[in-house]
Number of protein chains: 2
Amino acid sequence: MKNKNQNVIYTEVECAKNLAVVEDAMYVLGGKWKLRIVIALVSGYTRFNELQRRVTGISARVLSSELKSLELNGLVERIVHSESFPVIVEYLPTEYAETLKNLVSILGDWGRKHKSKIQGREVSNDTV
Amino acid sequence: MKNKNQNVIYTEVECAKNLAVVEDAMYVLGGKWKLRIVIALVSGYTRFNELQRRVTGISARVLSSELKSLELNGLVERIVHSESFPVIVEYLPTEYAETLKNLVSILGDWGRKHKSKIQGREVSNDTV
DNA sequence: ATTAGCACTAACCTTTTGTTTACTACTAAC
DNA sequence: GTTAGTAGTAAACAAAAGGTTAGTGCTAAT
């Protein structure tokens, strides 16, 4: 048997700290849709219906509420162009959303490697 | 107005690729509990009840089913010590789980910075 | 003149996720 | 001998997340 709390790698306090910080992140980014929406946004898709087409499977109701949540957390800015008619709305990723690029890229790398692992294939590099 | 699909940053295909790989990752790691359990595991907590104490708020039923899912995906190994009585069970993170350390660390960093941002404080470095 | 597109929202319903309680059967400590 | 700990599972239920349908009021294209 390995463990009688002698060879824990992190103390309870350290473990709790690590848990706390990823919980803080997941409070903002967690769930099925938020990171996907961010990806579509930083890819340059900024209009509501366009986002719904990119983030396949999301309903208008959920997209709407997720965008509000991302806006509250400073990751998107909602811009209404009232000079045009009918009114055009854009959702622009903020500068703060840029701080997610590294995370998204690493998560994507892991996903790509995991997929090739379970498929028993080599990893290709043709991803963006 | 910024965007009439002239200044998209990534093409639809590139955006779809990026979405696909993070979806692959989130299929394995998504949800409220999986990453937290991984953190507790790599911190050296390997027994069922111990894990339930570290990952605060999780119920035995959910912990049990999440551990099964992590095992299926090669991130944990369930080891039964039948030589002892009563039987002792350990959940050990696999080598494959090590590939998540970078991701977890970056997610934690983002969470820490985000928290200090919304609290208007400086970022401290006393995290593990 | 009809159809599709725009940016959503409300009401209602289903699915997923999670909780609570109780139970197993045995051991170790107080 | 009572209490707590071990590693869970089953059943019943509650809460959270998400989907579906319908609709607004206007424009632009066919």
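Mentor: Ala, Val, Leu, Ile, Met, Phe, Trp, Tyr, Cys and Pro count as nonpolar, Asp, Glu, Lys and Arg as charged, and the others, Gly among them, as polar. Keep in mind that this is a predicted model.

Trainee: By class, what residues does the surface near DNA strand D have?
Mentor: Start with the elements. H4 of chain A and H3, H4 and S2 of chain B each supply at least two residues of this surface. Sorted by class, the surface near DNA strand D has eight nonpolar, four polar and seven charged residues.

Trainee: Which helix gives the most to the surface near DNA strand D?
Mentor: Helix H4 appears from both chains among the elements that supply at least two residues. The top contribution is four residues, and it comes from H4(B).

Trainee: Of the 19 residues around DNA strand D, which come nearest?
Mentor: Both protein chains are represented. Chain A is there with Arg61(A). With it, the nearest are Arg47(B), Ser64(B), Arg78(B) and Tyr91(B).

Trainee: What percentage of the atoms of DNA strand D within 4 Å of the protein belong to sugar or phosphate?
Mentor: Look at some phosphate contacts. A polar side-chain atom of Ser59(A) lies 3.4 Å from a phosphate oxygen of strand D. Asn49(B) places a polar side-chain atom 3.2 Å from a phosphate oxygen of that strand. Bases make up the rest of the atoms within 4 Å, and the sugar or phosphate part is 67%.

Trainee: How far is a phosphate oxygen of DNA strand D from an N or O atom in the side chain of Lys68(B)?
Mentor: The cut-off for a polar contact is 3.5 Å between N or O atoms. For Lys68(B) and a phosphate oxygen of strand D, the distance is 3.2 Å.

Trainee: Now strand C. Of the 19 residues around DNA strand C, which come nearest?
Mentor: Chain B is there with Arg61(B). With it, the nearest are Arg47(A), Ser64(A), Arg78(A) and Tyr91(A).

Trainee: How far does a polar side-chain atom of Arg47(A) lie from a phosphate oxygen of DNA strand C?
Mentor: Other side chains reach phosphate oxygens of this strand. Lys68(A) does so at 3.3 Å, and Ser59(B) at 3.0 Å. For Arg47(A), the distance is 2.5 Å.

Trainee: Where does the largest share of the surface near DNA strand C come from?
Mentor: H3, H4 and S2 of chain A and H4 of chain B each supply at least two residues. The largest share is four residues, from H4(A).

Trainee: On to the protein interface. What area is buried between chain A and chain B?
Mentor: Count the residues in contact. Chain A brings 60 residues and chain B brings 60 residues. Carbon and sulfur atoms give 66% of the buried area, which is about 5,700 Å².

Trainee: How many salt bridges does the rule find across the interface of chain A and chain B?
Mentor: Over all chains, the structure holds 16 salt bridges. One is between the side chains of Arg36(A) and Glu23(B), at 3.4 Å from N to O. Arg36(A) is in H2 of chain A and Glu23(B) in H1 of chain B, so this pair joins two chains. Across the interface, the count is six.

Trainee: Which element gives the most to the side of chain A that touches chain B?
Mentor: The rule finds 16 residue pairs in polar contact across this interface. H1, H2, H3, S2 and H6 of chain A each supply at least two residues of the side that touches chain B. The top contribution, 14 residues, is from H1(A).

Trainee: Why do the copies meet through the same surface?
Mentor: Compare the interface residues of the two chains. The copies meet through the same surface because the interface residues of chain A are also interface residues in chain B, to the extent of 100%.

Trainee: In chain A, which residue has the C-alpha nearest the axis?
Mentor: Chain A can be laid on chain B with an RMSD of 0.1 Å, by a turn of 180 degrees and a shift of 0.0 Å along the axis. The copies are therefore related as by a two-fold rotation axis. At 3.2 Å from that axis, the nearest C-alpha in chain A is that of Gly31(A).

Conventions. Residues are numbered from 1 along each chain as its sequence is written. Chains are lettered from A and ligands numbered from 1 in the order in which they are written. This is a predicted model: local features need pLDDT of at least 70, side-chain atom pairs count only at pLDDT 80 or more; totals for chains, interfaces and linings use all residues. Side-chain values use heavy atoms; hydrogens and water are left out. Contact means heavy atoms within 4.5 Å. Buried area is the accessible area (1.4 Å probe) that two parts lose on being put together, summed over both. A salt bridge is a side-chain nitrogen of Lys or Arg within 4 Å of a carboxyl oxygen of Asp or Glu. A polar contact is a pair of N or O atoms within 3.5 Å; within protein, one must be able to donate a hydrogen and the other to accept it, and residues adjacent in sequence count only if both atoms are side-chain atoms. Copies are superposed by least squares on the C-alpha atoms of residues with pLDDT of at least 70 in both. A residue is near a molecule or strand if one of its heavy atoms lies within 4 Å of it.
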